[in-house]
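I set out to record, entry by entry, what I looked up in this structure. My topics were the ligand, a loop residue and the nonpolar interior.

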Amino acid sequence: MASSFAVCGLHLRGRGSLVKCLQKVETSLHRSIGTNVVAAQTEATRKDEDEKEKDGHKSLYALQAERQEQAERSVLISCHSRTNEKKFLKYLSRHGEIKKHFFYESYGTYAVVEFANQESVASLLEGAAIPSISHECTVPFKSRLLSLSNLGSGDSPNQKSGLQCQPQTTVPINELIQRLSREESIDQQITFLTEAYQLTEENSRLRFLVCSLLKDIAAAYFPECIIKPFGSSVNGFGKLGCDLDMFLDLDGISGRNVKMPKSGLSLEYQMKRANSERSVTQSILSVIGECVDQFGPGCVGVQKILNARCPLVRFAHQPSGFQCDLTANNRVAMKSTELLYLYGELDPRVRCLVFTVRCWARAHGVTSSIPGAWITNFSLTVMVLFFLQRRSPPIIPTLDQLRDLAGPADKSVIEGNDCTFVSDLSKIQLSSNTETLERLLCEFFEFYATFTFSRRSINIRKGKEQNKPEVAPLHIQNPFETSLNVSKNVNATQLDRFVALCQESAWLLQQSETNTPKGHREGNTPTPWGLATILLPLHVAGVKISKKRRREPASDRIKGLLESLKNKNQQKVS
Ligand code: GTP
Ligand code: MG
């Protein structure tokens, strides 16, 4: 409980954060505390868990089902920025009660409108017309992506836009640095960054709506299919503007749970056979990718990347501005998403630290949106989780501990890999660790600045460093497919950069010159300090620091860091 109070007592911003923090505090009051994460007694079935919220936390499974259902009752409408909101809503409500709506901008102005009932969507689509374009032909594919036109009377062109658009992108880094520099503690800076970067309620709804629109295309072949978002869109670590990873789930069709009668007559479908599950996935994605390309309104730049380890269709969905990756038969990634979500829900410091480290890594080009030898956000998140498992006492449990807490309904084996772990958060005892975010961030940098990457592997299943089973510069064991290394792509240059940046950032966070707030006058540009300093390019942050380094005797910690650097270089030479 103390740990939750420590974090919730931080600078609070807005009602949303207050409610969230109060929920966390209430959760803490209902859950017992222990120094170790140990098994609790009760077991609930998956069904029970889905139906109710446990301690104010929803399982990812329940959250997804709720969002999917909302999305099915929603439409996406392109409209003019000068649209009269009142008139617009009055016009649409002829089809039924509107439950929620919001506007946003992305290559034009759009409205997401959620009706109370699905019949209203059918009625609205019934009344919509096919565009009459004289010089072009259109594919007559009707979807829930519509355009509003205002013929005749209409709103005056001089009328100022009255629409309040919801932001869909994060604040630019320079602005973020200024805003952070106005905060009064590093803990407040970290909380601010997390709140500024996380997905908004509206952005999250839009992600599910895009999945639902895509499902309408795939349903032409597979009526019972579901398209679910996974990865950072739903794992709690998504930043505004992150890509939309989607999973085409055909389990509803394949009827994995349908039992054949033991005797008597029965019928089964005749189905085309293929050599392997991989080739089935490839042909499904190939056909759906083609449909998205040829018929999908707003879908552009479709690429079929079918020979990748995990085949996918990549495209841009223009109306939402999302870069989309559609995969199929990717159930392990879905499990990783569920695991990351669970860790993020366990302790508010997890999300704060992951957001901060991801933002820091992006600011220094440690991660990139282009595939390459860089550390990925997924690997980086696993590194943060591992660090939190190594604290004393640990802040989060190991994956093996989560597996030991699982009930029968949690059992999951995918392609021979044990993916079982508890889904009921109330079975997990809170950690008694009360370290502040500032301390954790600094210790994170120190931890990886001195980690023996040359010999050791990161393993969140055991929560312990292990001997590296292969020669890759960075070895992070895949939590579920344990023979795989999630950071196989990372080369020595990128790892060295990461380590050097960790050393530099740990150092900066320990210096009184950079770790204390600089007073600023209202209206003036504040001097960067604390978290803002480590987000700046190092040559900018380093100007004063290098002078100071010469004047001040190095602290024991920094001496240690230099020592480890020296050792590393000696190892390389020998
Ligand atoms: P960003 O898109 O960078 O914001 O983060 P992300 O977490 O969504 O990562 P990404 O889009 O690269 O991958 C989507 C999801 O696929 C991740 O969240 C993981 O669940 C899973 N994933 C990605 N890379 C790996 C990997 O190397 N191994 C495993 N097992 N899963 C991965
Ligand atoms: Mg992603």
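The entries below follow that order.

**Entry 1. Ligand surroundings.** I note at the outset that this is a predicted model. I first asked which residues are closest to ligand 1. Ligand 1 is surrounded by 15 residues, and the closest are Ser 232, Asp 243, Asp 245, Asn 377 and Asn 478. I then sorted the shell by residue class and obtained 7 polar, 5 nonpolar and 3 charged residues.

**Entry 2. Polar atoms at the ligand.** I looked up the distances between polar atoms of ligand 1 and side chains of the shell. The side chain of Ser 232 has an N or O atom 2.8 Å from an oxygen atom of ligand 1. For Asp 245, a side-chain N or O atom is 3.0 Å from an oxygen atom of the ligand. At Asn 478 the partner is a nitrogen atom of ligand 1, which lies 2.9 Å from a polar side-chain atom of this residue. I also checked how much of the ligand is covered: on its own ligand 1 has 600 Å² of accessible area, and the protein covers 77% of this.

**Entry 3. Helices in the shell.** I asked which helix supplies the largest share of the shell around ligand 1. It is helix 12, with 3 residues. Helix 12 spans 331-346, and helix 14 spans 377-389; each of them supplies at least two residues of the shell.

**Entry 4. Ser 320.** I located Ser 320 in the loop that runs between strand 8 (312-317) and strand 9 (322-328). Is Ser 320 buried or exposed? Its relative accessible area is 5%, so I recorded Ser 320 as buried, the cut-off being under 20%. Its side chain makes a polar contact of 2.8 Å with the side chain of His 317. A polar atom of the Ser 320 side chain also lies 3.2 Å from the backbone nitrogen of Phe 322. Beyond its neighbours within four places in sequence, I found Ser 320 in contact with Tyr 104, Ser 106, Leu 206 and Val 210.

**Entry 5. Nonpolar cores.** The largest nonpolar core holds 78 residues, and the members that touch the most others are Trp 360, Tyr 448, Phe 453 and Phe 498. I followed Phe 498 further: residues up to four places away in sequence aside, Phe 498 touches Trp 360, Val 366, Ile 375, Leu 380, Met 383, Phe 444, Tyr 448 and Phe 453. A second core is separate and has 34 residues, among them Cys 225, Leu 244, Leu 250 and Ile 288. As general background, I noted that nonpolar side chains in soluble globular proteins tend to be buried together.

Terms used:
Residues numbered from 1 in each chain as written. Chains lettered and ligands numbered in written order. Predicted model: local features only at pLDDT ≥ 70, side-chain atom pairs only at ≥ 80, totals over all residues. Heavy atoms only, no water. Core = buried A, V, L, I, M, F, W, Y, C linked by side-chain atoms within 4.5 Å. Buried < 20%, exposed > 50% of the residue type's maximum accessible area, 1.4 Å probe, protein only. Contact = heavy atoms within 4.5 Å. Near = heavy atom within 4 Å. Polar contact = N/O pair within 3.5 Å; in protein donor to acceptor, adjacent residues only side chain to side chain. Areas by Shrake-Rupley, 256 points an atom, 1.4 Å probe, with all protein chains shown as cover. Helix = DSSP H or I, 4+ residues; strand = E, 2+ residues; numbered from the N terminus. Nonpolar A, V, L, I, M, F, W, Y, C, P; charged D, E, K, R; others polar.
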